[in-house]
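Let's take a walk through this model together, starting with its charged pairs and then moving on to its sheet and its inner spaces. Keep the structure open beside the text as you read.

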Amino acid sequence: MDENKEPQNQPESTLKEDVVASIDSSALEDTNNLQFENRLDLSELQQSVQKIKDEVGKVIVGQKDMVDMLIASLLAKGHALIEGVPGVAKTVTAKLLAKSLSVGFSRIQFTPDLMPSDILGTSVFNLKDSEFEFKKGPIFSNMILIDEINRAPAKTQAALFEVMEEQQITIDGNQYKLNAPFIVLATQNPIEQEGTYRLPEAQLDRFLFKIDVDYPNLEEEIEIISREHLLKEKIKTDEIISFLTGDQVVNFQNLVSQVLVEQHLLKYIAELIVATRNNQFLYLGASPRASIAILKSSKAFAAMSGRDFVTPEDIKRAAIPVLHHRVIVTPEREMEGVTSKQIIKQIIETVEIPR
């Protein structure tokens, strides 16, 4: 008997599986080695965003969502309304953001006796030249912090309509353009009722975001107290470094406007907006200005993440802060305790996400 037998042939099916496995593993290796490059260079923007967060984080504990939305509103050329109870660092955060930028800054404290001319400016008669001269008000700056915006009457609030939408002011038949960048950050207390004037829907619609600021948790509260204890005689805002110029901010805004949005994502935004108009729990749905706001803010969120294209997650992230102050809940649902945020979340879950 011959002991040198030839080895039996391997089954054909096993050979095929081995070949397919080797092809799959090599293909997977090639895929992992692929490096996708953005059309836009967003590295400087990302570094600057992180530096702003680091500077603000020197003073502010937590409140990461608020800081992210404030930066996004700056990049999207939008305005932000910050709402929260007293003492949750609404005004301080806005001031710190302004201090991290080398741009003009004005703070306006709204009061019941504030007049439109106190904000916009007024014409003063110049005795030397025997003619009227326009003296610019505090609104002529790059970043405007309006503290307690709901404390001024409707006449003063209405003075912001034109400047927030068109970045210009018309006084005595003359138009005055404001320099870019221009952003309004306004704060208000949702609890106080006495001595306040509710913002009309047209005014609310001009804010890109409405940012709700909540209380810090236990760990954050301990950190806040510990930092204040170690501060002693130092002024906490003195450590903030101004590093970003107005021209750099404008360049970043132009970059954000070039972020790619696919056609099916534009349709997704439109479907979300139309769903608010057809919802039985909403008395007033969102306007086309809201869809434009979601488009701009989703681009900003994408750029902050280092991407030059928008994903459905960017749109979903932008939807609630953009929409919940632009819609009105029906009186019946409002009496039941249903909020606009809850309805918008339901709409987001209902509308099919594009694949």
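Arg151 is buried in this predicted model, with a relative accessible area of 17%. Because buried here means under 20% relative accessible area, the value of 17% places Arg151 in that class. Its salt-bridge partner is Glu148, and the N to O distance between the two side chains is 3.2 Å. Glu148, at a relative accessible area of 25%, is partly exposed. As a general point, side chains of opposite charge can pair when their charged atoms come close.

The structure has 16 salt bridges. Two of them share a residue, Asp68: one is made with Lys53, and another with Arg317. Asp68 is itself buried, with a relative accessible area of 12%. Lys53, by contrast, is partly exposed at 30% relative accessibility, and Arg317 is partly exposed at 36%.

How far apart in the chain are Lys53 and Asp68? They are separated by 15 residues, with Lys53 in helix α2 and Asp68 in helix α3. The bridge from Asp68 to Arg317 reaches into helix α13 (residues 312–323), so this pair ties together parts that are 249 residues apart in sequence.

Here are the three pairs side by side:

| Salt bridge | N to O distance |
|---|---|
| Lys53 and Asp68 | 3.0 Å |
| Asp68 and Arg317 | 3.1 Å |
| Glu148 and Arg151 | 3.2 Å |

Elsewhere, salt bridges link Glu165, Asp205, Arg289 and Arg326 into a network.

Now for the sheet. Five strands make up an open, parallel sheet, and their order is β3-β6-β9-β1-β10. Which strands stand at the edges? They are β3 (105–109) and β10 (209–212); each has a single partner strand, so one side of each is left without a neighbour in the sheet. From one strand to the next, the twist averages 15°. Further inside that order, β1 (residues 80–83) runs parallel to β9 (residues 183–188), and four bridges join the two. In this pairing, Glu83 of the chain stands opposite Gln188 in β9.

Finally, the inner spaces. Rolling a probe the size of a water molecule over the atoms shows where empty space is left. Searching the whole structure gives two cavities of 30 Å³ or more.

The largest cavity has a volume of about 50 Å³. Its lining consists of Leu45, Ser48, Val49, Ile52, Ile71, Leu74, Leu75, Leu244, Val249 and Phe252. Three elements each give two or more residues to this lining: α2 (43–57), α3 (64–75) and α10 (246–257). The most comes from α2, with four residues. What is the lining like by class? It has nine nonpolar residues, one polar residue and no charged residues.

The second largest cavity has a volume of about 40 Å³. It is lined by Ile52, Val56, Val67, Leu70, Ile71, Thr93 and Leu97. Here α2, α3 and α4 (90–99) each supply at least two residues, and α3 gives the most, with three. By class, six residues of this lining are nonpolar, one is polar and none is charged.

Ile52 and Ile71 are worth picking out on your screen: both appear in the lining of the largest cavity and in that of the second largest cavity. Helices α2 and α3, which contribute to both linings, also hold the Lys53 and Asp68 pair.

Technical notes. Residues are numbered from 1 along each chain as its sequence is written. This is a predicted model: local features need pLDDT of at least 70, side-chain atom pairs count only at pLDDT 80 or more; totals for chains, interfaces and linings use all residues. Side-chain values use heavy atoms; hydrogens and water are left out. On a 1 Å grid over the protein atoms alone, a cavity is a set of points where a 1.4 Å probe fits but cannot get out, and a pocket is an open set with protein on both sides within 12 Å along at least five of seven lines; lining residues have an atom within 4 Å of a point. Grid points are joined across faces, edges and corners, and a volume is the space filled by probe spheres set on the points. Ala, Val, Leu, Ile, Met, Phe, Trp, Tyr, Cys and Pro count as nonpolar, Asp, Glu, Lys and Arg as charged, and the others, Gly among them, as polar. Two strands pair if DSSP finds at least two bridges between them. Axes are lines fitted to C-alpha atoms, for helices over the stretch in contact, and angles run from 0 to 180 degrees between N-to-C directions. A salt bridge is a side-chain nitrogen of Lys or Arg within 4 Å of a carboxyl oxygen of Asp or Glu. Buried means under 20% relative accessible area, exposed over 50%, partly exposed in between (1.4 Å probe, protein chains only).
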